[in-house]
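Could you walk me through this structure in the viewer, one selection after another? I would like to know what to pick next and what to look for at each stop.

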Amino acid sequence: MNIEKIISELTLEEKASLCSGRSVWNTVEVDRLGIKSIMMTDGPHGLRRQPEGDEQTGMFVSVPSTCFPPASLSACSFDRELLHEMGEALGEECVAENVRILLGPGANIKRSPLCGRNFEYFSEDPYLAGEMAAAHIQGVQSKGVGTSLKHFAANSQETRRFCSDSRMDERTLNEIYLPAFKKAVTDAQPATIMCSYNLLNGEYVSQNHYLLTETLRDKWGFEGVVVSDWGAVFERVKSLAAGLELEMPGSCDDNDKKIVDAVRAGLLSEDVLDLAVRRLLTLLERIGGDGTTVVFDKEKHNELAKKIAAESMVLLKNNGILPLKQDADIVFIGDFAQSPRYQGAGSSQVNPIKMTSALEAAGNYNNVRFCKGYDTGNCEQAETLLEAEAVAAARDADVCVLFVGLTPEYESEGFDREHMRLPGGHNSLIEAVAAVNPNVVVVLHNGSPVEMPWADKTAAILEAYLGGQAGGDAVVDILFGKQNPCGKLAESFPKKLSDNPSFLYYFGERDVTEYREGIFVGYRYYDTKDMDVLFPFGHGLSYTTFGYSNLVLSASSIKDTDTLTVTVDVTNTGSVPGKEIVQLYVGAAYKDSWVIRAEKELKGFQKVLLQPGETKTVTFALDKSAFAYYNTGLHDWHVMTGPYRIQIGRSSRDIALTAQVDVVSTVPIRFKADVNTTFGDILRLEGGKEFIEELWERFPQFVQPPEDSEPGTIEYMSYKSQFEMVPRSVLAFDTSGMTLDQFQQMLDEKINK
Ligand code: GLC
């Protein structure tokens, strides 16, 4: 495709028409110049392709396709290769249906468990979310199909999502809400990025130049096309100038005409329009495909969906009751055992090719009895006849497996949750069964954390999340031990909603949502406060056990331009093969009044398969990004000189080994010292120490106390407090008559040179 030649031959109207969709899912074609239309559709964890021309049939009528586990579950695999594999399979299904862009993955950060769309997002942690998103994108795009990383950015609630203004400081934005997108862009170059509906700091994201151009393109080097979320465009000409190339769906030409008029009136340079068209044509060249389709192996994809679910589900608690004995008298209780909630509601909803319930899957193992336990259509109701029937069945069973969770009215795209509780009828059922039988295993089907007031009354808890079409199979393989669980939580489960750091401010006030908790999202908050949680980030049990030893750092001191190599040995100390997710956290081992840091941040993870007794050495390479914070003065990442803890953990709260490394910054902090600069800050500057020592001669109040100065003495107080003092306040005690200007002159000559 000779893009420049095509641009030169396109009329103004044709150029403008290319910048919006022809229909709900298709772009515009210009036959005379060989520009073809392509189809894009949802995603992220399965293809939702509506029959041609049936776009208005409602989002739940689509061609049958494999429903893989949504992101909230697949992220718990902590397995880059597995997400890549899922992406490949999704890409194959797109090619089979001639879909050229799959709308996903969703990389928004889980600020609160209340977000209705958390099931579709990976994590509360930007590092994990970025790694998972990049792997998913690379997988899909390996098949020549594009993706649409979404929803860029700061779209962490469904409440008023079309007009809510996400307000946060620059550091919070760059440390928490952007890094997953940045990682995916720099590692995987998604064909498109979908801008979100909301505003960021007062400007609609769809026309936010700071995000779409200064950040996405100028800083990160994004090469693709920015597509709007469906209906997210407000002022079309302004959005085009901000860096939004494609409005979806088409706005029945109204906005196209606005673009033409703006160019004609000299309000928009045609170069801006040409740049957008160039990017759109480059996109077509990259992922447009040649129209050939393939037939994919449905059974192979179903097996992959099962593998992803089985290797992602998280065993939260187990007193040894699991794995179940095949000759045990087992009763499955709960409608989810036969009609599981396996995906979230909304635009991601897939029409699955196949569906296997746990009850069907259990048939391969055991003559499991079943009781419905609750009415899914009315699951707030407690102490029902169904519950009584379940209790009767539970009395004499060896084991009761309860399938509970959230039904679509509790969490969905388009609205947020109101609380973190399970439906009343589910909680009641668990309590009633546990009262008559201690051998209760709870299997949870939920898209985001729930409160578990009954946790201590259970023998085991399996967080199965929304398992996709083969989730039932995966659950049963885990229950009966065919699959050793190896997933770990990609989000914290607080004991109660009000423990969550965003609790006081979530949803915001009318159209403004202030992210007042700042960088303290998820475990960054709970761990810094050393606050008890129900289950911590990174937690997950196995049917075996793992030992950690021999943590070695390649150096005890590095510069921020060096790479630190970390190795640790992991041993399977149990009796069955298993996979362990080794987590590496970094935390500043110093307190600094210049920058507030979370107690730890995830900066590496690896999943290793180990046979009983086997030991493997796991290696991590840490660069500057492992130690840096976002400096709003530099508008860039910076490492503060000081000691840092390297923590190897089974979870964020179960740290097995710790070591310390000193990191020296090669980027000096520069600022102009003046009479309002503390002596402590002046000490940080080049020549600052010498300057202060000279001052001690002049201002005896700051004489160095003798080594044995006792706390409580004037010498001790003077020494400790001087670092918080500023020259201006000291001059008040000076009898030499030095003026503020003279002091500033001294600073300029010795420090600010
Ligand atoms: C939606 C969603 C987005 C989806 C799009 C197309 O409103 O926010 O994730 O891809 O519409 O269905």
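Here is a tour that starts at the ligand and moves on through loops and helices. Please keep in mind that this is a predicted model.

**Stop 1: the ligand**

Select the ligand and show the residues around it. The shell holds 14 residues, and D42, R117, H151, Y197 and D229 come nearest. By class, the shell divides into 5 nonpolar, 2 polar and 7 charged residues.

Now turn on distances to the oxygen atoms of the ligand. D42 places a polar side-chain atom 2.6 Å from a ligand oxygen. For H151, the distance from a polar side-chain atom to an oxygen of the ligand is 2.7 Å, and for K150 it is 2.9 Å. If you switch to a surface view, note that the ligand taken alone exposes 310 Å², of which the protein buries 94%.

**Stop 2: two cis peptide bonds**

From D42, step along the chain to G43 and P44. A cis peptide bond joins these two residues, with omega at about -5°. P44 sits in the loop between β1 (40–42) and α3 (71–74).

Next, go from H151 to F152 and A153. Here too the peptide bond is cis, and omega is about -5°. A153 belongs to the loop that runs between β3 (146–152) and β4 (165–167). As background, most peptide bonds are trans.

**Stop 3: helix α6**

Select residues 170–177, which form α6. How much of this helix is buried? The count is 7 of its 8 residues, so α6 is largely enclosed by the rest of the structure. The buried ones are R171, T172, L173, N174, E175, I176 and Y177. Then add D169, which caps the N-terminal end of the helix: one of its side-chain oxygens lies 3.1 Å from the backbone nitrogen of R171.

**Stop 4: E491 and S492**

Move to the loop between α16 (471–479) and β15 (512–514), where you will find E491. S492 is in this loop as well.

Take E491 first. With a relative accessible area of 3%, E491 is buried. Its side chain makes polar contacts with two other side chains: Y465 at 2.7 Å and K110 at 3.5 Å. Beyond its sequence neighbours within four places, E491 is in contact with K110, E124, G447, S448, P449, Y465 and F537.

Now select S492. Is S492 buried or exposed? S492 is buried, as its relative accessible area is 4%. Its side chain makes a polar contact of 2.6 Å with the side chain of E124, and it reaches the backbone nitrogen of Y523 at 3.4 Å. Once neighbours within four places in sequence are set aside, the contacts of S492 include E124, P449, Y526 and F537. Try a C-alpha distance from S492 to Y526: the two are 34 residues apart in sequence and 8.6 Å apart in space.

**Stop 5: L534**

Select L534 in the loop between α17 (523–528) and β16 (546–553). Which residues does L534 touch, apart from its neighbours within four places in sequence? They are V450, M452, F493, P494 and K495. Draw a line between the C-alpha atoms of L534 and K495, and it will read 4.6 Å, although 39 residues separate the two along the chain.

**Stop 6: two positive phi angles**

Stay in the loop between α17 and β16 and pick D530. D530 is not a glycine, yet it has a positive phi of about 50°. D530 is exposed, with a relative accessible area of 62%.

Then jump to E383, in the loop between β11 (369–371) and α14 (385–395). E383 also has a positive phi of about 50° without being a glycine. With a relative accessible area of 67%, E383 is exposed. For context, most residues other than glycine have a negative phi.

**Stop 7: helix α22**

Finish with residues 740–750, which make up α22, and color its buried residues: F743, Q744, M746 and L747. Look down the helix axis: these residues cover an arc of only 155°, which puts them on the same side of α22. The general background is that an α-helix has 3.6 residues a turn, so residues three or four places apart point the same way. To see what the buried residues of α22 pack against, show α18 (679–682), α19 (688–698) and α21 (727–731).

Note on methods
Residues are numbered from 1 along each chain as its sequence is written. This is a predicted model: local features need pLDDT of at least 70, side-chain atom pairs count only at pLDDT 80 or more; totals for chains, interfaces and linings use all residues. Side-chain values use heavy atoms; hydrogens and water are left out. Helices (H or I, at least four residues) and strands (E, at least two) are DSSP runs, numbered from the N terminus. Buried means under 20% relative accessible area, exposed over 50%, partly exposed in between (1.4 Å probe, protein chains only). A polar contact is a pair of N or O atoms within 3.5 Å; within protein, one must be able to donate a hydrogen and the other to accept it, and residues adjacent in sequence count only if both atoms are side-chain atoms. Contact means heavy atoms within 4.5 Å. The arc is that of the directions from the helix axis to the C-beta atoms. A residue is near a molecule or strand if one of its heavy atoms lies within 4 Å of it. Accessible areas come from the Shrake-Rupley method with a 1.4 Å probe; for residues, only the protein chains shown count as cover. Ala, Val, Leu, Ile, Met, Phe, Trp, Tyr, Cys and Pro count as nonpolar, Asp, Glu, Lys and Arg as charged, and the others, Gly among them, as polar.
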